[in-house]
Each structure stands twice: as structure tokens, then as C-alpha cells.
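Open the model in your viewer and keep the selection panel handy. We will go from stop to stop, and at each one you will find what to select and what is there.

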Amino acid sequence: MMAEAGAGGPRLAELLALGRRLWDELEASTEPSSGAPAVQDKVRQGLDALRRAAAMVEQLELFSENEELEEIASADLKFLLLPALLGALTLRQVDLSRRREHLESAREHFLRFLKLCGNYGLGSSRLPPGTAGREEAGSPSEPRDPAQPDLVAMAMSRTAKIERYKQKKELENKLASMSSSVESGTADEEQVREFYILQIQKWIGTSLEEIESIDQELVILRSRDAARQAPAGTRGPSRPARAPLKPFILARDAAQARVFGLGYPGVPTMTVDDWYEQRRRQGVVSQQGSGEPGSPPCPSPPAGASDDELQKQQQEREEEEDDEEALRKARDWDDWKDTHPRGYGNRHNMG
């Protein structure tokens, strides 16, 4: 059945040609961003033209599972590319809020194209691993456990990629040498038929690559969505909120606190004993003493204290010990001066 022979035949060819032309312009575009208005306008026009063409192909029942490749007219072979072109243009959409929807839609288009080619025995149209049996649903399976990689499948996939790349380069060279004669109308039917079959084989390799990339991106999107929808209780225990501490200044003893009093921001307002007693009531300081009689209890680090907090407490204790040693030496010096008059022991300036 010739597509151009039907009531919508010429229009169908024009719609496909418009979609192909817009796709070629997007591929050759030098726009720095795929989200540029001019780029997205071409994407919308191309999708509209190809969707209308696909609907007409469906209405005309142009392809059937019960026919062979030889039964398709050479001029109709190019319409087999419609699902692949729809998938490629669908991926060009940049609406991030609908990214997952676009990926799944493009995947369905590519799978439909591969299945259609498989019905006619065209090219190496074997579906990607794990796709068979669910191509109608069009959704990728759940990812395998990364701790148990399928090494055989990975090796086969790498080999298949290398082979597809070589085939793609060969097909591009052949298509480049034949395109001028086909587009100018000077090629015979056999050349036209070979040209379209080569195009289909090229898009088979492209579809396999796109499906693999789509599956990888869908796994990432599913993981992200699952993390956003997870209840707060499943994200691990949260650290209890700690009451803020009011700023204060320590005095060495009660007498010093009574002398200085309150009101001046740079003088002590609390003795060391008062500070330890306050921390003990808050449950931050252990009731067990430091081991020396008369010494205030040693603070035990609170549960969950960070290294910085522990280091700060240790530094404070060392500074307090240094202050006590300096005070003891100062008091000893004062006592010595009280019992030894000025000049005591100076025997060199006698008389």
C-alpha cells in the first residue's frame, strides 16, 4: 500500500519531511542552550508534525505484523522512522518539572520503533537487556544490586557499544554518499530502498543507546523522588535541641564576686563554685569530684559533645590551674616581703 496513494498521502510525506528537517536543524544548531526559545519552538513544531503523521499512519494501517519487509513499498519505508524521531524530539524538551514524564514517553517511542523493526527483521533490533517482556509498559525495571554486578552483561554491553559505534560510522558514510542522488530524484528504486533501510538501521543503534541513557537517568530520578517523599522518621534520629547558655564571667571566689558586683560587662559575676553547681543541676557536670579534697567537681563531657567542645573544656581547666598556681606564687611572694625588709641580704654596700 502506497502512503502517497491515499487521501492524506501527500500531506503525510510533507509532515514527515517537516519533522525530519526540524530535527536536522536542531542537530546542527549552534545555540548555547537547549532551552533557548528558538530551539524549543522548533521542538514543539517538530513534535506536532510527527504526531500528526503518526496518527495518519495508524489510520491508514500502513504497517502490519503479518507482512514481510518486501511487501512494503520503497517510498513507505521512511515512515518506519516516525516513532524514533518522536522519541528523539521528546528528549529535547527541557521542562524539568516534567522530566520523568518526557523520559518515559521517549522510551515508549524508541521501544515501539525497535519492536516495529523487529517484526520486519530489520537490522540488529535486539531489545536492551531486561527490556523483553515489559516493552508494552515502557518502564525500566528496578536497578540491580550494585554490590552484585552482572559482569557478563557488562562485558556484552561494552562489546555491543563498540560494535554499534563502528556500524554507525559505516552507515553514516554510506548515507552521505547516497543522499545527493536520492534527494535529487536521480536514484532508482533499489537505491532508494537501500537508502531508507540504512537510515532505519542507523536509528536502531541510536534508539538502543538512548534507551540505555534513559534507564540510567530514571534510576536517579526515582531515587531522588523517594528521598523527598520519605517520612521524617526514616531519615535517622535527630539530635536533641540544647537550651542556649547565657553568657557569664567567672570570679575566682565569692569575695571577688562581692567586691566587683554586677553591672559592668567585663567583670566577674559568678564564682567558680557557683558555675559548677549550676552545671551540676543542669546535668552537664558529674557529681563525682576531681579527686583532690576541696576541689570543685570535674565536669564530664555531655553525651554527643564534639571534639571542639571537649578541647575547649580542657583548655579552660588548664587555664584555671595556671591561675591558681600564679595566685599561690603571688601570695608566697607577698608573705616573703612581709618578713624580709627592703635590702635584706645586700652585703655589698655596707657602711
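A salt bridge here is a side-chain nitrogen of Lys or Arg within 4 Å of a carboxyl oxygen of Asp or Glu. Keep in mind throughout that this is a predicted model.

**Stop 1: helix α8**

Select E277 and R281, whose side chains meet in a salt bridge at 3.7 Å, N to O. That distance qualifies because the cut-off is 4 Å. Both residues belong to helix α8, which covers residues 272–281, and being four residues apart puts about one helical turn between them. Now colour the pair by accessibility: E277 is partly exposed at 31%, while R281 is exposed at 59%.

While you have charges in view, add R100, E104, R224 and D225 to the selection; salt bridges with shared partners join them into one network. By the rule used here, the count comes to 14 salt bridges.

**Stop 2: the whole chain**

Zoom out for a moment and switch to a cartoon. You should find nine helices and two strands, arranged along the sequence as α-α-α-α-α-α-β-α-β-α-α. The chain has 351 residues, of which 31% count as buried. With a surface shown, about 23,500 Å² is exposed, and carbon and sulfur atoms supply 51% of it. If you draw contacts between residues at least 6 apart in sequence, 62% of them join residues at least 24 apart.

**Stop 3: helix α1**

Next, go to helix α1, residues 9–27, and pick R20. Which residues is R20 in contact with, once its neighbours within four places in sequence are left aside? They are L81, L85 and Q199. Measure from R20 to A49 as well: the two are 29 residues apart in sequence, and their C-alpha atoms are 9.6 Å apart in space.

Step along to R21 and E25, where the side chains form a salt bridge of 2.9 Å, N to O. These two are four residues apart in helix α1, so about one helical turn separates them. R21 is partly exposed, with a relative accessible area of 43%, and E25 is also partly exposed, at 28%.

**Stop 4: between helices α4 and α6**

Select R99 and E217 to see a salt bridge of 2.9 Å, N to O, between their side chains. R99 lies in helix α4 (residues 99–119) and E217 in helix α6 (residues 189–229), so the pair ties together parts that are 118 residues apart in sequence. E217 is partly exposed, with 27% relative accessible area.

Stay in helix α6 and move to I204. Is I204 buried or exposed? At 3% relative accessibility, I204 counts as buried. Try a distance from I204 to A84: the C-alpha atoms are 8.2 Å apart, although the residues are 120 apart in sequence.

**Stop 5: helix α9**

For the last stop, select E316, E318, E319, D323 and E324, which form a negative surface patch. Which helix holds E318? E318 lies in helix α9, residues 307–339. With 40% relative accessibility, E318 counts as partly exposed.

Definitions and conventions. Residues are numbered from 1 along each chain as its sequence is written. This is a predicted model: local features need pLDDT of at least 70, side-chain atom pairs count only at pLDDT 80 or more; totals for chains, interfaces and linings use all residues. Side-chain values use heavy atoms; hydrogens and water are left out. Patches are made of residues with over 30% relative accessible area and no salt bridge: like charges are joined within 9 Å, nonpolar side chains (Val, Leu, Ile, Met, Phe, Trp, Tyr) within 5 Å. Accessible areas come from the Shrake-Rupley method with a 1.4 Å probe; for residues, only the protein chains shown count as cover. Lys and Arg count as positive and Asp and Glu as negative; His and the chain ends are not counted. The place of a charge is taken as NZ of Lys, CZ of Arg, CG of Asp or CD of Glu. Buried means under 20% relative accessible area, exposed over 50%, partly exposed in between (1.4 Å probe, protein chains only). Contact means heavy atoms within 4.5 Å.
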